[in-house]
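Q: Please take a close look at one helix in this model and at what surrounds it. I would like one connected account.

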Amino acid sequence: QGTAAMELCEEVGHLDLIVAPVGGGGLLAGTCVAAKGISSDIQVFGAEPVGADDAFRSKARGELVFNDHPQTIADGLRTNLGAWTWPIIRDQVTGILTIEEHEIVATMRLFWERTKLLIEPSSAVAVAAALYKLPVALGRPLKVGVILSGGNVDLDHLPW
């Protein structure tokens with residue numbers, strides 16, 4: 001799953017950091033391995049909903065933690081980290097940023113209004129992290145890449 005990060009870096013050149021959504025961890029772990037293979041200086045952040053924050057809690061505790069009943073509109077991120085992806089995320093990912101449900105919805109709306117592209121809630125989590133969390137977390141301007149993935153949008157069940 002690291003090919004998305006490879007293609008991103010090939011297309012835009014040097015990045016200071018990449019943000020990818022995290023559910024089971026395959027996309028984030030692959031992004032991290034590929035990005036660090038291109039440049040060891042690239043920081044990689046995961047982004048996940050507050051209601052499905054096993055990666056955030058796992059990283060904070062230094063051990064694999066599971067969600068019993070994840071609650072989020074980002075259905076692609078309701079899965080728990082896997083045993084194969086956890087060591088990569090634990091050791092190589094810079095941090096995990098958590099996103100509130102209203103930020104996910106606001107980001108989907110903003111993305112649609114500005115680009116006329118509809119992204120799924122799981123991708124909106126990564127975009128929201130770049131928009132709302134990174135400026136606070138890092139405090140300086142950086143060249144940021146965001147991994148957009150998936151195509152699951154059920155317009156009949158969105159809360160707007």
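A: What follows describes helix α2, one of its neighbours and one of its residues. The model is a predicted one.

Helix α2 runs over residues 26-38. Its length can be checked with simple arithmetic: at 1.5 Å a residue, the 13 residues should span 18 Å, and the end C-alpha atoms are 18 Å apart, which agrees.

Next comes burial, where the cut-off is under 20% relative accessible area. The buried residues of α2 are Leu-27, Leu-28, Ala-29, Gly-30, Thr-31, Cys-32, Ala-34 and Ala-35. Several elements take part in covering these buried residues, including the helices α1 (3-12) and α4 (86-92). The strands β1 (17-21), β2 (43-49) and β3 (95-99) are also among the elements that cover them.

Of these neighbours, α1 can be followed further. The axes of α1 and α2 are 7 Å apart, and the two helices pack at an angle of about 35°. On the α1 side, the contact is made by Ala-5, Met-6 and Cys-9; on the α2 side, Thr-31, Ala-34 and Ile-38 meet them. Sorted by type, the residues of this contact are five nonpolar, one polar and no charged.

Thr-31, which lies in helix α2, deserves its own paragraph. Thr-31 has 0% relative accessibility, so it counts as buried. Leaving aside residues up to four places away in sequence, Thr-31 touches Gly-2, Ala-5, Ile-18, Ala-20, Val-44 and Ile-147. Ala-5 belongs to α1 and is part of the contact described above.

Technical notes: Residues are numbered from 1 along each chain as its sequence is written. This is a predicted model: local features need pLDDT of at least 70, side-chain atom pairs count only at pLDDT 80 or more; totals for chains, interfaces and linings use all residues. Side-chain values use heavy atoms; hydrogens and water are left out. Helices (H or I, at least four residues) and strands (E, at least two) are DSSP runs, numbered from the N terminus. The expected span of a helix is 1.5 Å times one less than its number of residues. Buried means under 20% relative accessible area, exposed over 50%, partly exposed in between (1.4 Å probe, protein chains only). Contact means heavy atoms within 4.5 Å. Axes are lines fitted to C-alpha atoms, for helices over the stretch in contact, and angles run from 0 to 180 degrees between N-to-C directions. Ala, Val, Leu, Ile, Met, Phe, Trp, Tyr, Cys and Pro count as nonpolar, Asp, Glu, Lys and Arg as charged, and the others, Gly among them, as polar.
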